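Good morning, and thank you for making time for this presentation. Please look at the sequence and the model as they appear, and I shall then go through them part by part.

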Amino acid sequence: MKKLKNDRYLRALFRQPVDMTPVWMMRQAGRYLPEYKATRAIAGNFMLLCKNPELACEVTLQPLRRYALDAVILFSDILTIPDAMGLGLYFEDGDGPRFSYPITCRADVEKLSIPDPEQQLGYVMNTVRAIRKNLKGKVPLVGFSGSPWTLSTYMVEGGCSKGCTKLKKMMYVDPRTLHLMLNKLADSIILYLNAQILAGVQSIMIFDTWGGILTGRDYQEFSLHYMHKIIDGLLHEYDWQRIPITLFTKGGGQWLEAMAATGCDALGIDWTTDISDARRRVGDKVALQGNMDPSILYASPARIEKEVSKILSDYGHGSGHIFNLGHGIHPDILPENAHELVKSVHKLSKAYHL
């Protein structure tokens with residue numbers, strides 16, 4: 001692997017010394033950028049954009065042209081695997097993702113096949129290869145997947161559902177069927193993420209967006225267990241480089257110790273978890289990513305800088321912190337406010353790495 005011009009993000013993930021705290025933003029390639037909207041219009045719709053490697057590469061790199069980010073994340077969607085399983089993913093304006101053929105019974109689960117990442121999901125791998133070629137070693141590329149639990153919420157509910165009552169009914173009434181589906185998803189994700197690594201991603205993130213709706217006991221059994229299985233199955237080194245893995249459970253701040261015990265390298269935390277408390281609890285076992293409330297970016301530049309300063313101060317001196325939002329950037333944020341965030345992190349964090 002050729003040496004990166006900026007490896008600050010990877011060094012922080014391994015808790016190695018850095019000159020300043022690295023920063024990137026979840027959903028940094030997205031609807032808040034006018035250039036993204038223009039590229040999506042060329043593609044025709046969101047899924048056509050995801051499945052066009054040239055255009056998906058373009059939108060991945062767009063935020064890097066605006067901001068001094070320390071990493072870029074593959075532009076794709078967490079629901080690519082269920083789509084490749086034949087559930088018929090589509091998007092409705094204002095209503096988010098939907099499936100034409102949601103999971104309703106054990107027979108539906110038994111019919112699910114494990115996708116070949118270079119066949120049914122080859123467009124993702126081609127996008128990864130295009131991004132790496134066009135990045136030219138400027139910053140690392142982050143690959144990702146949704147967690148098995150999070151993917152299952154959409155697959156059973158048929159789309160977005162705050163309560164996830166259909167899935168929870170399956171969990172309590174027919175847990176064996178749910179475990180069968182989660183195992184198939186975990187096996188699929190292992191293949192998918194390893195293919196991303198072979199194609200060129202240099203870091204992996206697993207998004208467990210809906211893990212926080214579970215009880216502690218159910219989280220361990222139905223979410224964390226399968227993320228642990230995925231970590232065990234991933235390539236931890238490729239092309240003579242270690243591949244760091246970040247776990248992010250939205251609303252999962254109470255389970256940080258259990259998450260850190262999976263063998264991951266970093267934990268993403270949302271804004272409901274105090275970062276100083278999180279660092280105290282996990283010690284030097286893992287790095288931490290987060291955790292600004294995305295809504296702060298509606299505020300004035302001075303207020304954004306104040307919030308950056310507070311989070312940096314709460315984390316304290318030393319490496320092991322990747323500055324990020326506690327969830328994805330909102331689509332109506334002003335691009336210049338995102339610039340203020342990135343600028344403030346780099347300016348204010350130097351004092352914590354002397």
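I shall speak about the core, two helix packings, some backbone details and several single residues.

Please keep in mind that this is a predicted model.

I begin with the interior. The largest nonpolar core comprises 126 residues. Within this core, the residues with the most contacts are M25, M155, M181, L267 and L341. Which helix gives the core its largest share? That is helix α10, residues 175-199, which supplies 12 residues.

Let me take one of those well-connected residues, L267. Leaving aside residues up to four places away in sequence, L267 touches T246, L247, L256, M259, A260, V282, V286, A287, L288 and Q289.

I now turn to how helices pack against α10. Two packed helices are described by the angle between their axes and the distance between the axes. Helix α8, residues 148-157, packs with α10 at an angle of about 120 degrees, and the two axes are 9 Å apart. Because of that angle, α8 counts as oblique to α10. The crossing of α8 past α10 is right-handed. From α8, the contact involves P148, W149, L151, S152, M155 and V156. From α10, the residues are L178, M181, L182, L185, A186 and I189. Two of the core residues I mentioned earlier, M155 and M181, thus appear in this contact. What classes of residue make up this contact of α8 with α10? There are 11 nonpolar residues, 1 polar residue and no charged residues.

The second packing joins helix α5, residues 80-87, to α10. Here the axes come within 10 Å and cross at roughly 115 degrees. α5 also passes α10 in a right-handed crossing. On the α5 side the contact is made by T80, I81 and M85, and on the α10 side by K184, L185, S188, I189 and Y192. By class, the contact of α5 with α10 has 5 nonpolar, 2 polar and 1 charged. L185 and I189 of α10 take part in the contact with α8 and in the contact with α5.

Next, some backbone details. Where is a cis peptide bond found? The bond from G290 to N291 is cis, with omega near 0 degrees. N291 belongs to strand β10, residues 287-292.

Two residues have a positive phi although neither is a glycine. For R15, phi is about 60 degrees. R15 sits in the loop between α1 (8-13) and α2 (34-43). Its relative accessibility is 34%, so R15 counts as partly exposed. For D239, phi is near 55 degrees. D239 is located in the loop between β6 (237-238) and β7 (241-242). With a relative accessibility of 35%, D239 is likewise partly exposed.

I close with four single residues, beginning with two in which burial is the point of interest. A71 is in the loop between α4 (53-66) and β1 (72-73). Is A71 buried or exposed? A71 is buried, because its relative accessible area is 0%. A71 and P140 are 69 residues apart in sequence, yet their C-alpha atoms are 5.1 Å apart in space. Apart from residues up to four places away in sequence, A71 touches Y9, V23, W24, Q28, V139, P140 and V142.

L61 lies in helix α4. At a relative accessible area of 9%, L61 is also buried. From C-alpha to C-alpha, L61 and R132 are 10 Å apart, with their places 71 residues apart in sequence. That is, L61 and R132 are 71 residues apart in sequence. Beyond residues up to four places away in sequence, L61 touches I131, N134 and L135.

G96 is part of strand β3, residues 96-99. G96 is partly exposed, with a relative accessible area of 23%. The C-alpha atoms of G96 and G159 are separated by 7.3 Å, and these residues are 63 residues apart along the chain. G96 touches Y90 and F91, not counting residues up to four places away in sequence.

Finally, S113 lies in the loop between α6 (106-111) and α7 (122-135). The relative accessible area of S113 is 38%, so this residue is partly exposed. S113 and F222 are 109 residues apart along the chain, and their C-alpha atoms are separated by 20 Å.

Conventions. Residues are numbered from 1 along each chain as its sequence is written. This is a predicted model: local features need pLDDT of at least 70, side-chain atom pairs count only at pLDDT 80 or more; totals for chains, interfaces and linings use all residues. Side-chain values use heavy atoms; hydrogens and water are left out. A nonpolar core is a set of buried Ala, Val, Leu, Ile, Met, Phe, Trp, Tyr and Cys residues joined through side-chain atoms within 4.5 Å. Buried means under 20% relative accessible area, exposed over 50%, partly exposed in between (1.4 Å probe, protein chains only). Helices (H or I, at least four residues) and strands (E, at least two) are DSSP runs, numbered from the N terminus. Contact means heavy atoms within 4.5 Å. Axes are lines fitted to C-alpha atoms, for helices over the stretch in contact, and angles run from 0 to 180 degrees between N-to-C directions. Angles under 35 degrees count as roughly parallel, over 145 as roughly antiparallel, 65 to 115 as roughly perpendicular and the rest as oblique. A crossing is left-handed if the near helix is turned anticlockwise from the far one by less than a right angle, and right-handed if clockwise. Ala, Val, Leu, Ile, Met, Phe, Trp, Tyr, Cys and Pro count as nonpolar, Asp, Glu, Lys and Arg as charged, and the others, Gly among them, as polar.
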